[in-house]
Amino acid sequence: KTRMPSSDGRILCFHGGRSKAALTRYQLRFVENEARRRGLRYEFVYVEGSLASMEANPEFEALGFKRPFYSHLNLVQGAEAERYERDALYGGEGRYYVDVPRAVAELRRRHFSSGPVAGVFGFSQGANV
């Protein structure tokens, strides 16, 4: 007798900068519900960034999400960004993501080493990851 898998696969969901996994879960709740309604058994994995920020995010706080918020990548801008232009990922409008190899290695270790991933979804900075 063939055993059916409990899941059609994992979908990793990355929030944007200064956000949090709980907010991404809230934003994707209709997608998750529609997948279940159609009989799909994807496991949605909401990935919390490893860099905490106590900086306010008024839009998210207005929805009831409280600090701390998190990022996946370090973001620098202004005069500080000029030091990184050659070794960083450009984030638009004079901003650069630094220490990208470390962040990607950490994400690979935490989320890709435990088996295949069926898909990836990312908001803003999460899409850059």
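Leaving aside neighbours within four places in sequence, which residues is S19 in contact with? Keep that question in mind and start with the whole chain. The model on your screen is predicted.

**Stop 1: the whole chain**

Show everything as a cartoon. The protein chain has 5 helices and 8 strands. Follow the elements from the N terminus, and they run β-α-α-β-β-α-β-β-β-β-α-β-α. Turn the view along the principal axes. The C-alpha trace spans about 65 × 35 × 20 Å along them.

Now colour by burial. Of the 129 residues, 33% count as buried. Next, think about contacts along the chain. Take those with a separation of 6 or more: residues 24 or more positions apart account for 67% of them.

**Stop 2: S19**

Select S19. You will find it in the loop between β1 and α1, the helix of residues 21-27. Is S19 buried or exposed? S19 is buried, with a relative accessible area of 3%. The cut-off for buried is under 20%, so S19 qualifies.

Here is the reply to the opening question. With neighbours within four places in sequence set aside, S19 is in contact with E48, F60, F69 and Y70. Show these four as sticks around S19.

**Stop 3: the parallel sheet**

Select β1, residues 9-14. Add β2 (42-47) and β8 (117-122). Together they make an open sheet of 3 strands, in the order β2-β1-β8 with parallel pairing. Why is one side of β2 and of β8 left without a neighbour in the sheet? Both strands stand at the edges and have a single partner strand each, so one side stays without a neighbour.

Look along the sheet. Its neighbouring strands are turned by 20 degrees against each other on average, direction ignored. Now zoom in on β1 and β8. They pair in the parallel sense over 5 bridges. Pick C13, and you will see F121 of β8 standing opposite.

Next, add helix α4, residues 100-112. It packs on the sheet and touches β1, β2 and β8. The direction of α4 makes about 145 degrees with that of β1.

While you have the strands on show, keep a general point in mind. In a regular strand, side chains alternate between the two faces of the sheet.

**Stop 4: D8**

Step back to D8, in the segment before β1. D8 is partly exposed, with a relative accessible area of 34%. Which residues does D8 touch, not counting those up to four places away in sequence? The list is G39, L40, R41, Y42 and A118.

Now draw a distance from D8 to G91. The two are 83 residues apart along the chain, and their C-alpha atoms are separated by 33 Å.

**Stop 5: the hairpin and its partner**

Move to G91's strand, β6, which covers residues 89-92. β6 and β7 pair in the antiparallel sense over 3 bridges. Select G92, and R95 in β7 stands opposite. The two strands form a hairpin with 2 residues between them. In the turn, E93 has a positive phi of about 55 degrees.

Now add β5. It pairs with β7 in the antiparallel sense, over 4 bridges. Pick N74 here, and look for V98 of β7 opposite.

**Stop 6: the largest pocket**

Keep β5 and β7 in view and switch on a surface. About 360 Å³ of space lies in the largest pocket. The lining has 15 residues, and R18, S71, L73, L75 and Q125 lie nearest the centre.

Which elements give two or more residues to this lining? They are β3 (51-53), β5 (74-77) and β7 (95-98). β5 gives the most, with 4 residues. Colour the lining by class, and it divides into 6 nonpolar, 7 polar and 2 charged residues.

**Stop 7: the cavity**

Finish inside. Rolling a probe the size of a water molecule over the atoms shows where empty space is left. How many cavities of 30 Å³ or more are there? The count comes to 1. About 40 Å³ of space lies in the largest cavity.

Select its lining: G49, S50, H72, R102, A103, E106, L107 and R110. By class, this lining has 2 nonpolar, 3 polar and 3 charged residues.

Methods
Residues numbered from 1 in each chain as written. Predicted model: local features only at pLDDT ≥ 70, side-chain atom pairs only at ≥ 80, totals over all residues. Heavy atoms only, no water. Pairing = 2+ DSSP bridges. Axes fitted to C-alpha atoms, helices over the stretch in contact; angles between N-to-C directions. Contact = heavy atoms within 4.5 Å. 1 Å grid on protein atoms, 1.4 Å probe; cavity = no way out; pocket = protein on both sides within 12 Å on 5 of 7 lines; lining within 4 Å. Points joined across faces, edges and corners; volume = space filled by probe spheres on them. Nonpolar A, V, L, I, M, F, W, Y, C, P; charged D, E, K, R; others polar. Buried < 20%, exposed > 50% of the residue type's maximum accessible area, 1.4 Å probe, protein only.
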